[in-house]
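Q: I'm new to this structure and would love a close look at a single part, the surroundings of the ligand. Could you walk me through that part, and then point out a few other things worth a look?

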Amino acid sequence: MLSVRNLDVCFPPGYRGAEVHAVRNVSFDIPEGGRVGLVGESGSGKTVTCLALTRLLPDPPPPAVSGQVLFGAAQRDLLRMRDNELLEARRHGIAYIFQDPVASLNPYMTIGTQFRKLQTLRTAHRVHPAELLSQVSLPDPTQILDAYPGELSGGMCQRVCIALALAGNPRLLIADEPTTDLDVVTRNSILTLLRTLSEQRGMALLMVTHDLGTVAHLCDSVAVMNAGEIVEHGQVQRVFPHPTHEYTRTLLSAVPRIGDADNDA
Ligand SMILES: Nc1ncnc2c1ncn2[C@@H]1O[C@H](COP(=O)(O)OP(=O)(O)O)[C@@H](O)[C@H]1O
Ligand SMILES: [Mg+2]
């Protein structure tokens, strides 16, 4: 349902000095309802890849973006869509959740107001916000609708962001390190929630993470990024036990295991 073909992103020379060739000839596919993990160390180009394929990169200065991002049954190229088509794809096709849930909510509006603002943009698939909040396992939705983001915990804010993302009934949810700032118990319950929602709704998931455990927990396939390139791509069941690329082996060997001598405190 989403095919990224030869995506390339280069930022022009700016205040940081030289140009940055952040994404190099990246290709991967997300099947209908599939869950793909995009992994790699910090700075490897994961976020720029996701922002480029949804055309959310900062501009100006305009980065040079080339390649194709074919989306939906009609395989329309997102990179070449007109603004109104792109808006439609963002409203009902592709939703995005970010690493910092508190920062992605407006601190001056109650959660209920944020849902109402969003729903004036979206026409179809109106689901009551309280219903969406209960779908993301938040207790007492009516109380949460009256709350400001600052009155909720980080985990609750991330569940609210997921509920807001679900409001458009997306076919694909891009989650960019959505659990990095959360404690381990909250992280695991959010990951389980994302998997359940993907299964129940047949919604595809692009899970961006530097954590291979998250990929093992959640994804059917994995694309490994290093220095702007995808160095390995395949089914999790194949790649994890038998990585073919040196960089994937390095990432896998960096995962701590209980009982390893280095971890014994
Ligand atoms: N707006 C920008 N202008 C210039 N360089 C950028 C910009 N955004 C990201 N980069 C650079 O692109 C590279 C990839 O960044 P990013 O995709 O954020 O990495 P990741 O998400 O894998 O941690 C980094 O070297 C980063 O500094
Ligand atoms: Mg990132």
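A: Happy to! A good place to begin is helix 1, which gives three residues to the shell around ligand 1, the largest share of that shell. Please keep in mind that what you see is a predicted model.

Let's look at the shell itself. There are 13 residues around ligand 1, and those that come nearest are G43, G45, K46, T47 and V48. By character, the residues of the shell divide into five nonpolar, five polar and three charged.

Now for the backbone contacts. At G43, a polar backbone atom is 2.6 Å from an oxygen atom of ligand 1. G45 also takes part, with a polar backbone atom 3.0 Å from an oxygen atom of the ligand. For V48, the distance between a backbone N or O atom and an oxygen atom of ligand 1 is 2.9 Å. As for cover, ligand 1 on its own has 570 Å² of accessible area, and the protein covers 70% of that. Two elements give two or more residues to the shell around ligand 1: strand 2, residues 20-30, and helix 1, residues 46-53.

Both of these elements lead us to a backbone detail. Most residues other than glycine have a negative phi. In strand 2 you will find N25, whose phi is positive, near 50 degrees, although N25 is not a glycine. Following the chain from helix 1 towards strand 4 (64-71), you meet R55 in the loop between them. R55 is not a glycine either, and its phi is positive at about 55 degrees.

Finally, let's turn to a pair of helices. Two packed helices are described by the angle between their axes and the distance between the axes. Here, helix 7 (residues 154-166) packs with helix 8 (residues 184-201) at an angle of about 15 degrees, and their axes are 10 Å apart. Angles under 35 degrees count as roughly parallel, so helix 7 and helix 8 are roughly parallel to each other. Their crossing is right-handed.

Methods. Residues are numbered from 1 along each chain as its sequence is written. Chains are lettered from A and ligands numbered from 1 in the order in which they are written. This is a predicted model: local features need pLDDT of at least 70, side-chain atom pairs count only at pLDDT 80 or more; totals for chains, interfaces and linings use all residues. Side-chain values use heavy atoms; hydrogens and water are left out. A residue is near a molecule or strand if one of its heavy atoms lies within 4 Å of it. A polar contact is a pair of N or O atoms within 3.5 Å; within protein, one must be able to donate a hydrogen and the other to accept it, and residues adjacent in sequence count only if both atoms are side-chain atoms. Accessible areas come from the Shrake-Rupley method with a 1.4 Å probe; for residues, only the protein chains shown count as cover. Helices (H or I, at least four residues) and strands (E, at least two) are DSSP runs, numbered from the N terminus. Ala, Val, Leu, Ile, Met, Phe, Trp, Tyr, Cys and Pro count as nonpolar, Asp, Glu, Lys and Arg as charged, and the others, Gly among them, as polar. Axes are lines fitted to C-alpha atoms, for helices over the stretch in contact, and angles run from 0 to 180 degrees between N-to-C directions. Angles under 35 degrees count as roughly parallel, over 145 as roughly antiparallel, 65 to 115 as roughly perpendicular and the rest as oblique. A crossing is left-handed if the near helix is turned anticlockwise from the far one by less than a right angle, and right-handed if clockwise.
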